[in-house]
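Today I sat down with a new model and a fresh notebook page. Here is what I looked up, in the order I went.

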Amino acid sequence: MAPSLHPLIDNGITPGSSSFSGGKLHCRCASDQVEITLNSNVAHNHACGCSKCWKPSGSLFSIVGVVPRDAVSVTANASKLSLVDKEATIQRNACKDCGVHLFGRIEKDHPFKGLDFVHVELSDEKGWQEPQFAGFVSSIIEQGSHPKEMDEVRAKFKAVGLQTYDVLSPVLMDLISTFTAQKSGIRFANL
Ligand SMILES: N[C@@H](CCC(=O)N[C@@H](CSCO)C(=O)NCC(=O)O)C(=O)O
Ligand SMILES: [Zn+2]
Ligand SMILES: [Zn+2]
């Protein structure tokens, strides 16, 4: 059987709602779940093939989007959270018991500082922004996917209407490069 990209992708994408304004995420513990309340929908939601983002078991990709960090609060069982890798740019807070990542925060100087990375499949609510693209696609090879399977993987994304990139989408890459240019002293008029 062909491997699953992700349950939110495999059978086609369900569009989100532009009027949806947030909800709760829960970890996958049977009891005493960590609960995160988001007062915002996500943006730039995407499939990510990198090795660091949390994926459901059996899936090749994560689905991850961003929300302003001010819109994120831990509303139950915060004591179960622990940092996966304190050296990483994105400080991913995972449940110590079930391993699910609840939110990833950037504390260092970075173009995405101020945004937290979250997985909307941890919510029971409907209306979250649907995935917009697939990023870090070639990175799945680093985790054992065969290089010869990549055409099939990219074709599957295409079949559900998603563009694939091996880093991030052009919009996000332009934001990163604009930040880097400004740090080096370049000033743009009319941004
Ligand atoms: N090939 C590497 C890529 C890892 C990577 O750079 N991941 C990105 C995307 S995460 C969500 O879009 C990133 O920004 N990482 C920063 C971090 O994880 O702290 C791999 O697969 O590991
Ligand atoms: Zn848990
Ligand atoms: Zn990732």
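My entries below go from the ligand and the annotated cysteines to the core and the strands.

**Entry 1, the model.** I am working with a predicted model. For orientation I checked UniProt, where an unreviewed entry puts the feature "domain: CENP-V/GFA" at residues 20-166. I found that this span is 7% helix and 34% strand, and that its end C-alpha atoms lie 30 Å apart.

**Entry 2, the ligand.** Which residues come nearest to ligand 1? I count 13 residues around ligand 1, and Cys-50, Ser-51, Ala-88, Thr-89 and Ser-139 come nearest. Sorting the shell by type, I get seven nonpolar, four polar and two charged residues.

**Entry 3, the annotated cysteines.** The unreviewed UniProt entry lists Cys-48, Cys-50 and Cys-53 under "binding site". Cys-50 I had already met among the residues that come nearest to ligand 1, and I went on to the other names.

I located Cys-48 in strand S3, residues 43-48. Is Cys-48 buried or exposed? I call Cys-48 buried because 26 other C-beta atoms lie within 10 Å, and the cut-off for buried is 20 or more. Setting aside neighbours within four places in sequence, I see Cys-48 in contact with Cys-53, Phe-61, Ser-62, Val-64, Gly-135 and Phe-136.

Cys-53 sits in the loop between S3 and strand S4 (62-68). Cys-53 has 22 C-beta neighbours inside 10 Å, so I count Cys-53 as buried too. Beyond residues up to four places away in sequence, Cys-53 touches Cys-48, Ser-62 and Val-64.

**Entry 4, the core.** Next I looked up the largest nonpolar core, which has 39 residues. Ile-36, Ala-47, Phe-61, Val-67, Val-100, Leu-102 and Val-118 have the most contacts inside this core. The elements that give two or more residues to the core include helix H1 (7-10), strand S2 (35-38), S3 and S4. S4 supplies the largest share, four residues.

I followed up on Leu-102: leaving aside neighbours within four places in sequence, its contacts include Leu-25, Val-34, Ile-36 and Leu-81.

**Entry 5, strand S2.** Which side chains of S2 are buried? Ile-36 and Leu-38 point to one face and are buried, whereas Glu-35 and Thr-37 point to the other and are not. That fits what I expect, since side chains in a regular strand alternate between the two faces of the sheet.

For partners, I found S2 antiparallel to strand S1 (residues 23-26), joined by four bridges. S2 also pairs with strand S5 (residues 72-76) in the antiparallel sense, over four bridges. I used Leu-38 as my marker: Gly-23 stands opposite Leu-38, and in S5 the bridge partner of Leu-38 is Val-72.

Key
Residues numbered from 1 in each chain as written. Chains lettered and ligands numbered in written order. Predicted model: local features only at pLDDT ≥ 70, side-chain atom pairs only at ≥ 80, totals over all residues. Near = placed C-beta within 6 Å. Nonpolar A, V, L, I, M, F, W, Y, C, P; charged D, E, K, R; others polar. UniProt positions renumbered as here; feature names shortened; annotations may be inferred. Buried ≥ 20, exposed ≤ 12 C-beta atoms within 10 Å, placed from the backbone. Contact = placed C-beta atoms within 7 Å. Core = buried A, V, L, I, M, F, W, Y, C linked by C-beta atoms within 7 Å. Pairing = 2+ DSSP bridges.
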